[in-house]
Amino acid sequence: MAGRVVVVTPNPAVDVTYEVAAPRMGEVNRVTRVTRRPGGKGVNVASVLRQLRELGAQGAPGLRVRLSGFLGGAQGRELTEALDGWGLEQHWVEPEGGYRTRTTVVVRDQDGAATGFYEPGCPVAPADWQALEATALEAVGRGDVLVVSGSCPPGTEAQELTGLLEAARARGARTVLDTSGPLLLACAAGADLVKPNLEELTQATGEPDPRCGAEVLLDAGARGVVVSDGPRGMHLFTADGQRVRSWHAAPPRVEVVNPTGAGDTAVAALAAFIAAHPSTDLIGGRAVEALEAAVALSAAAVRTPVAGLVDPGTYTTILNQVKAENTDAAD
Ligand SMILES: O=P(O)(O)OC[C@H]1O[C@](O)(CO)[C@@H](O)[C@H]1O
């Protein structure tokens, strides 16, 4: 039976999408359609994991999924009520001092181009992180996977995130980190797998090349790095002693309906794979399977209009077309 995946989304959001035919900065823009849905990277990860469980994919039929993070205010209530309808197990921490769940706004034009405006979120204090760590770790044990996904609220120190990852590992769980900014590099040592996109990797390491950037994270202590690069696919790098092993897989060309959340979908695929193979190290043969699943699920996700949803038939069709290749550098 697959282990449990505990998804920590420190900075969830209500995702608001405005449709505006031809948006212009510096002018009034009339919105023709507004949609609101629960968001934040970890919420999307948990949503995809729930679908994988229902699909029985990757040995995930017994997968248990639990979602934690900071939450508060009217938008926090809106988010939990919506997530109740999705059947997700939720354990939130409400920071003191009037914490309110943030909004992220995406403006979509008539050609489908999306422009995002993401609020930073309300500040949190060290005591809030202690409460979140206790809540998230309540359910974490050997064979489980702890995923930390998305940005962190202002006031977060690297030691708080590292402390959470290391405490999960001390309980026998494996850890996946998908964050951005300075925390990505500062907390890499606590992660069995780090999953940035190429832009986030470049910002964190100063390296525009995926291999060079990943090597910075591996040197910092990460055990594996998956770098996503849009339609060009994904790279997996793992530390095998002093040697770096690497693979690449690209999706077939697919019609992109909504790219939002594609990276979150990849994180879900990787976490499900790790949970389903408790004794597997991602170095070697199984790495190929994990990478192919992540690429295929992500490509299937961009074909749906809603972030965090995947059509099972599309996923299976694409998975049959994705073949990972070893790309180890010559010695
Ligand atoms: O945590 P951030 O990096 O600010 O990203 C949050 C946003 O990313 C998404 O998860 C899409 O990847 C949206 O749902 C949105 O809430």
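Me: In this predicted model, is arginine 303 buried, partly exposed or exposed?
Reply: The relative accessible area of arginine 303 is 38%. Buried means under 20% and exposed means over 50%. Arginine 303 therefore counts as partly exposed.

Me: Which residue forms a salt bridge with arginine 303?
Reply: The closest N and O atoms of the pair are 4.0 Å apart. The partner sits in the loop between strand S13 (243–249) and helix H8 (262–276), while arginine 303 is in the loop between helix H9 (285–302) and helix H10 (312–319), 48 residues apart. The partner is exposed, with a relative accessible area of 52%. The residue is glutamate 255.

Me: How many residues apart in sequence are the parts that glutamate 19 and arginine 33 tie together?
Reply: The two side chains meet in a salt bridge of 3.4 Å, N to O. Glutamate 19 belongs to strand S2 (residues 13–19) and arginine 33 to strand S3 (residues 33–39), so the pair ties together parts separated in sequence by 14 residues.

Me: Does arginine 24 count as buried or exposed?
Reply: Arginine 24 forms a salt bridge with glutamate 27, with 3.2 Å between the closest N and O atoms. Glutamate 27 has 47% relative accessibility and is partly exposed. For arginine 24 the relative accessibility is 51%, and the cut-off for exposed is over 50%. Arginine 24 therefore counts as exposed.

Me: How many salt bridges does the structure hold?
Reply: Among them is the pair of glutamate 19 and arginine 33. Salt bridges also link Arg4, Arg66, Glu89 and Glu138 in a network. The number of salt bridges in the structure is 12.

Note on methods. Residues are numbered from 1 along each chain as its sequence is written. This is a predicted model: local features need pLDDT of at least 70, side-chain atom pairs count only at pLDDT 80 or more; totals for chains, interfaces and linings use all residues. Side-chain values use heavy atoms; hydrogens and water are left out. Helices (H or I, at least four residues) and strands (E, at least two) are DSSP runs, numbered from the N terminus. Buried means under 20% relative accessible area, exposed over 50%, partly exposed in between (1.4 Å probe, protein chains only).
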